[in-house]
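Biologist: I'm new to this one. Could you walk me through how to read it, one feature at a time?

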Amino acid sequence: MMDLILWRHAEAHDGREGQDDLTRALTPRGEKQAARMAAWLDRQLPDGLRVMSSPALRAEQTALALKRKFKRRAELLPGGLPEDLLELVQWPRAKGAVLVVGHQPQLGQTAARLLGMGSGACSIRKGSVWWLRQRQRLEQSETVLLAVMTPNYL
């Protein structure tokens with residue numbers, strides 16, 4: 001059994017002309033969103049969790065709200081593909097749980113693929129979490145959506 005928890009970075013400032021997209025920081029509202037979601041996650045997350053984040057500042061700031069160690073991974077940068085994410089987390093071969101802090105459309109495309117929704121992307125709102133589980137059922141592998149949480153409803 002493997003859990004994959006997809007956490008989209010919280011609200012960030014719009015980019016200014018000439019600004020590197022990777023240096024965009026969270027807004028004050030985004031900081032609150034990240035803190036609310038981190039508090040909820042902290043109560044739910046299992047022991048032995050691995051945490052990975054895009055190295056973009058807004059994703060790192062979101063991950064830091066959880067107050068756990070995390071690894072920055074280039075595979076999670078904006079523009080990444082679902083294949084990159086799934087290979088990184090070793091889905092569905094790994095055991096345990098992995099939390100990924102990243103960006104649209106990669107997170108939504110990954111969720112859509114795992115849930116059998118074709119090539120389109122699910123829309124994952126800023127600061128939201130989608131919690132997926134891969135399990136064996138009657139000798140077949142299946143993906144179950146355990147939870148969808150948004151910081152606005154916590």
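Modeller: Happy to. Keep in mind that this is a predicted model. Let's begin with helix 3, residues 82-89, whose buried residues are Pro82, Leu85, Leu86, Leu88 and Val89.

Biologist: Where do the buried residues sit around the axis of helix 3?

Modeller: The general idea first: an α-helix has 3.6 residues a turn, so residues three or four places apart point the same way. Here the buried residues span an arc of only 160° around the axis, which means they are on the same side of helix 3.

Biologist: And what covers the buried residues of helix 3?

Modeller: The cover includes strand 1 (2-8), strand 2 (50-53) and strand 4 (96-102), along with helix 4 (106-114). For a single residue, try leucine 85: leaving out residues up to four places away in sequence, leucine 85 touches Leu4, Leu6, Leu76, Val100, Gln106, Leu107 and Thr110.

Biologist: Now the core. Which residues in the largest nonpolar core touch the most other members?

Modeller: In soluble globular proteins, nonpolar side chains tend to be buried together. In this case the largest nonpolar core has 21 residues, and those touching the most other members are Leu4, Leu6, Leu85, Val89, Trp91, Val98 and Val100. Two or more residues come from each of strand 1, helix 3, strand 4, helix 4 and strand 5 (129-137). There is also a second, separate core of 19 residues, with Trp7, Trp40, Ala59 and Ala97 among them.

Biologist: How do I read the sheet? What is the order of its strands?

Modeller: Follow which strand pairs with which. You get an open sheet of six strands in the order 3-2-4-1-5-6, and the pairing is mixed. Strand 3 (71-72) and strand 6 (140-149) are the edge strands, each pairing on one side only. Strand 6 pairs with strand 5 in the antiparallel sense, over nine bridges. To find your place there, look for glutamine 136, which stands opposite serine 141 in strand 6. Helix 3 packs on the sheet, where it touches strand 1, strand 2 and strand 4, and its direction makes about 135° with that of strand 1.

Biologist: What pattern does the protein follow along the sequence?

Modeller: The protein has four helices and six strands, and read along the sequence they give β-α-β-α-β-α-β-α-β-β.

Biologist: What about the backbone? Which peptide bonds are cis?

Modeller: For those, look at omega. Tryptophan 91 and proline 92 are joined by a cis peptide bond with omega of about -5°, and proline 92 lies in the loop between helix 3 and strand 4. The bond from glutamine 104 to proline 105 is cis too, with omega near 5°; proline 105 is in the loop between strand 4 and helix 4.

Biologist: And where is phi positive in a residue other than glycine?

Modeller: One case is lysine 67, with phi near 60°, in the loop between helix 2 (57-64) and strand 3. Lysine 67 counts as exposed because its relative accessibility is 76%, and the cut-off for exposed is over 50%. Another is glutamine 90, just after helix 3, with a positive phi of about 65°. Glutamine 90 is partly exposed, at a relative accessible area of 38%.

Biologist: Last one: how does the radius of gyration of the protein fit that of a compact globule?

Modeller: It agrees: for 154 residues a compact globule would have a radius of gyration near 15 Å, and the protein has 15 Å. The C-alpha atoms fill a box of roughly 55 × 30 × 25 Å along the principal axes, and 45% of the 154 residues count as buried.

How values were computed: Residues are numbered from 1 along each chain as its sequence is written. This is a predicted model: local features need pLDDT of at least 70, side-chain atom pairs count only at pLDDT 80 or more; totals for chains, interfaces and linings use all residues. Side-chain values use heavy atoms; hydrogens and water are left out. Buried means under 20% relative accessible area, exposed over 50%, partly exposed in between (1.4 Å probe, protein chains only). The arc is that of the directions from the helix axis to the C-beta atoms. Contact means heavy atoms within 4.5 Å. A nonpolar core is a set of buried Ala, Val, Leu, Ile, Met, Phe, Trp, Tyr and Cys residues joined through side-chain atoms within 4.5 Å. Two strands pair if DSSP finds at least two bridges between them. Axes are lines fitted to C-alpha atoms, for helices over the stretch in contact, and angles run from 0 to 180 degrees between N-to-C directions. The radius of gyration is taken over C-alpha atoms; the globule rule is 2.2 Å times the number of residues to the power 0.38.
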